[in-house]
Amino acid sequence: MVRKRDQDIKFLKILQNNINANLHVAQLARVYKLNDDRSRADVQPLALNASGKKRAPLINIPVGMMTRSYIMEGAVVLVLFLDRSMENWSKADNREFSLANKRMHDVNDAVICEVMWVAGH
């Protein structure tokens, strides 16, 4: 006989797994394209999805200023996802900004903050 408490625990574990699967914090990715001044990059996440296929690439991701000295095509980088939308942030004036939407921990708010590995180094 299945007890109600067992079903509740099963539901909560499934709910937690679903939340975790949609919460973006950080990923390792390989750079496959850089713009000329190394301030933006296109990357391919390295971790495969649950079905064993590649994840969607992340396009035109900002690269941190210190990281630009080391980043190159083929490098493995650490990609972070900001807590809040950076859509209205302007690096030109570097001031506080209003949120454009309520999204949190989203792949649209990715930033490359570190080079983890470069071939030959």
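"Buried" here means under 20% relative accessible area, "exposed" means over 50%, and "partly exposed" is anything in between (1.4 Å probe, protein chains only). By that yardstick, 24% of the 121 residues in the chain are buried. This is a predicted model, so local features need pLDDT of at least 70 and side-chain atom pairs count only at pLDDT 80 or more, while totals for chains, interfaces and linings use all residues. Residues are numbered from 1 along each chain as its sequence is written, and side-chain values use heavy atoms, with hydrogens and water left out.

**Figure 1. The whole chain, one helix and five strands.** Reading along the sequence gives the pattern α-β-β-β-β-β. Helices (H or I, at least four residues) and strands (E, at least two) are DSSP runs, numbered from the N terminus. The C-alpha trace spans about 65 × 40 × 20 Å along its principal axes. The radius of gyration is 18 Å, whereas a compact globule of 121 residues would come in near 14 Å; the value is taken over C-alpha atoms, and the globule rule is 2.2 Å times the number of residues to the power 0.38. As for contacts (heavy atoms within 4.5 Å), take the pairs at least 6 apart in sequence: 58% of them join residues at least 24 apart.

**Figure 2. The largest nonpolar core, with 17 residues.** A nonpolar core is a set of buried Ala, Val, Leu, Ile, Met, Phe, Trp, Tyr and Cys residues joined through side-chain atoms within 4.5 Å. The members that touch the most others are Val31, Ala41, Val43, Ile71, Val77, Val79 and Ile112. Strand 1 (26–34), strand 2, strand 3, strand 4 and strand 5 each give two or more residues to this core. In soluble globular proteins, nonpolar side chains tend to be buried together. Zoom in on isoleucine 71: leaving aside neighbours within four places in sequence, its contacts are Val31, Leu34, Arg38, Ala41, Val63, Val77, Ile112 and Val115.

**Figure 3. Aspartate 42, a buried acid with no salt bridge.** Aspartate 42 sits in strand 2 (residues 40–45). A salt bridge would take a side-chain nitrogen of Lys or Arg within 4 Å of a carboxyl oxygen of Asp or Glu. The nearest side chain of opposite charge belongs to lysine 33, 4.3 Å away; Lys and Arg count as positive and Asp and Glu as negative, with His and the chain ends not counted. What the aspartate 42 side chain does have is a polar atom 2.7 Å from the backbone nitrogen of asparagine 60. Beyond its neighbours within four places in sequence, aspartate 42 is in contact with Arg30, Val31, Tyr32, Lys33, Leu58, Ile59 and Asn60.

**Figure 4. Two residues other than glycine with positive phi: asparagine 60 and histidine 105.** Asparagine 60 belongs to strand 3 (residues 58–62), and its phi is near 60 degrees. Histidine 105 is in the loop between strand 4 (76–81) and strand 5 (110–117), with phi near 50 degrees. Which one is buried and which partly exposed? Asparagine 60 is partly exposed, with a relative accessible area of 43%, whereas histidine 105 is buried at 17%.

**Figure 5. Serine 85, buried in the loop between strand 4 and strand 5.** Its relative accessibility is 1%, so serine 85 counts as buried. A polar contact is a pair of N or O atoms within 3.5 Å; within protein, one must be able to donate a hydrogen and the other to accept it, and residues adjacent in sequence count only if both atoms are side-chain atoms. The serine 85 side chain reaches the backbone nitrogen of glutamate 87 at 3.2 Å, and a 3.4 Å polar contact joins it to the side chain of arginine 103. Not counting residues up to four places away in sequence, serine 85 touches Phe97, Leu99, Ala100, Asn101, Arg103 and Asp109.

**Figure 6. Leucine 99 and aspartate 106, two more residues of that loop.** Leucine 99 is partly exposed, at 42% relative accessibility. Outside its neighbours within four places in sequence, leucine 99 is in contact with Arg84, Ser85 and Asn88. Aspartate 106 shares a 2.6 Å side-chain polar contact with asparagine 108. With neighbours within four places in sequence left aside, aspartate 106 is in contact with His24, Phe81 and Leu82.
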